[in-house]
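The exercises below ask you to work from the coordinates to a described picture, one step at a time. Please keep the sequence and the model open while you read each solution.

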Amino acid sequence: MAVSILHRITGDGLAFVGLGVLLWWLGAMAAGPEAYATFEMVMGSPLGMVVLVGLSWAFFTHMMSGLRHFVLDIGAGYELDTNKTWSILSPVIGILLTAGFWALILLR
């Protein structure tokens, strides 16, 4: 149940916060170099980085939970032990993917 609720929360976060950041980014690119420099400054700040890391965490967690739901929808994984294992692993894998993604970006 908790994974299903987390799936909905991350989906809403991606829809609202992610859409807001995407529209701001597109608007800043269209508005010119000064507006884009402001966007870069804000998203490069500690608070902006928290937002970007949060969005990537929401994406990877939502993706893993979605894959879990997909497997359940095709009729597999309903065994209690299997279901419990994937319920635990899907958010953990989301965290690991987020850490790997940001390590790849920041260490380049």
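Helices here are DSSP runs of H or I with at least four residues, numbered from the N terminus. The model is predicted, and side-chain atom pairs count only at pLDDT 80 or more.

**Exercise 1. Place Arg68, decide whether it has a salt bridge, and list its contacts.**

Step one is the location: Arg68 belongs to helix 3, which spans residues 46–73. Step two is the charge environment, for which the cut-off is a side-chain nitrogen of Lys or Arg within 4 Å of a carboxyl oxygen of Asp or Glu. The nearest side chain of opposite charge is that of Asp73, 9.2 Å away, and Arg68, although buried, has no salt bridge. Step three is the surroundings: once neighbours within four places in sequence are left aside, Arg68 is in contact with Val3, Asn83, Trp86, Ser87 and Ser90.

**Exercise 2. Describe how helix 1 and helix 2 pack, and classify the residues of their contact.**

Two packed helices are described by the angle between their axes and the distance between the axes. For helix 1 (residues 2–31) and helix 2 (residues 33–44), the axes come within 7 Å and cross at roughly 145°. On the side of helix 1 the contact is made by Val21, Trp24, Trp25, Ala28, Met29 and Ala31, which meet Ala35, Tyr36, Phe39, Val42 and Met43 of helix 2. Sorting the residues of this contact gives 11 nonpolar, no polar and no charged.

**Exercise 3. Determine how many aromatic pairs the structure holds, and work out the geometry of the pairs Phe59 with Phe60 and Phe101 with Trp102.**

The count comes to five aromatic pairs in the structure. In the pair of Phe59 and Phe60, the ring centres are 5.2 Å apart and the planes stand at 70°, so the pair is edge-to-face. The relevant cut-off is that planes over 60 degrees apart count as edge-to-face. Phe101 and Trp102 also form an edge-to-face pair, with 5.6 Å from centre to centre and 85° between the planes.

The next step adds accessibility, where under 20% relative accessible area means buried and over 50% means exposed, with partly exposed in between. Phe59 is partly exposed because its relative accessibility is 43%, whereas Phe60, at 13%, counts as buried. Likewise, Phe101 is partly exposed at 34% relative accessibility, while Trp102 is buried at 13%. As a last step, ring pairs link Phe59, Phe60, Phe101 and Trp102 into a cluster.

**Exercise 4. Establish whether Thr61 is buried or exposed, and find what it touches.**

Thr61 has its place in helix 3. Its relative accessible area is 2%, and Thr61 is therefore buried. Not counting residues up to four places away in sequence, Thr61 touches Leu6, Thr10, Pro91 and Gly94.

**Exercise 5. For Phe16, Leu107 and Leu47, assign location and exposure, then set separation along the chain beside distance in space.**

Begin with Phe16, which is found in helix 1 and is exposed, since its relative accessible area is 65%. Phe16 and Gly54 are 38 residues apart in sequence, and their C-alpha atoms are 13 Å apart in space.

Continue with Leu107, which lies in the segment after helix 4 (80–106) and counts as exposed because its relative accessibility is 73%. From Leu107 to Phe60 there are 47 residues in sequence and 20 Å in space, C-alpha to C-alpha.

Finish with Leu47, which is found in helix 3 and is exposed, with a relative accessible area of 64%. Leu47 and Gly75 are 28 residues apart along the chain, and 42 Å separates their C-alpha atoms.

Technical notes
Residues numbered from 1 in each chain as written. Heavy atoms only, no water. Axes fitted to C-alpha atoms, helices over the stretch in contact; angles between N-to-C directions. Helix = DSSP H or I, 4+ residues; strand = E, 2+ residues; numbered from the N terminus. Contact = heavy atoms within 4.5 Å. Nonpolar A, V, L, I, M, F, W, Y, C, P; charged D, E, K, R; others polar. Buried < 20%, exposed > 50% of the residue type's maximum accessible area, 1.4 Å probe, protein only. Lys, Arg positive; Asp, Glu negative; His and termini not counted. Phe/Tyr/Trp six-rings, centres within 6.5 Å; stacked < 30°, edge-to-face > 60°.
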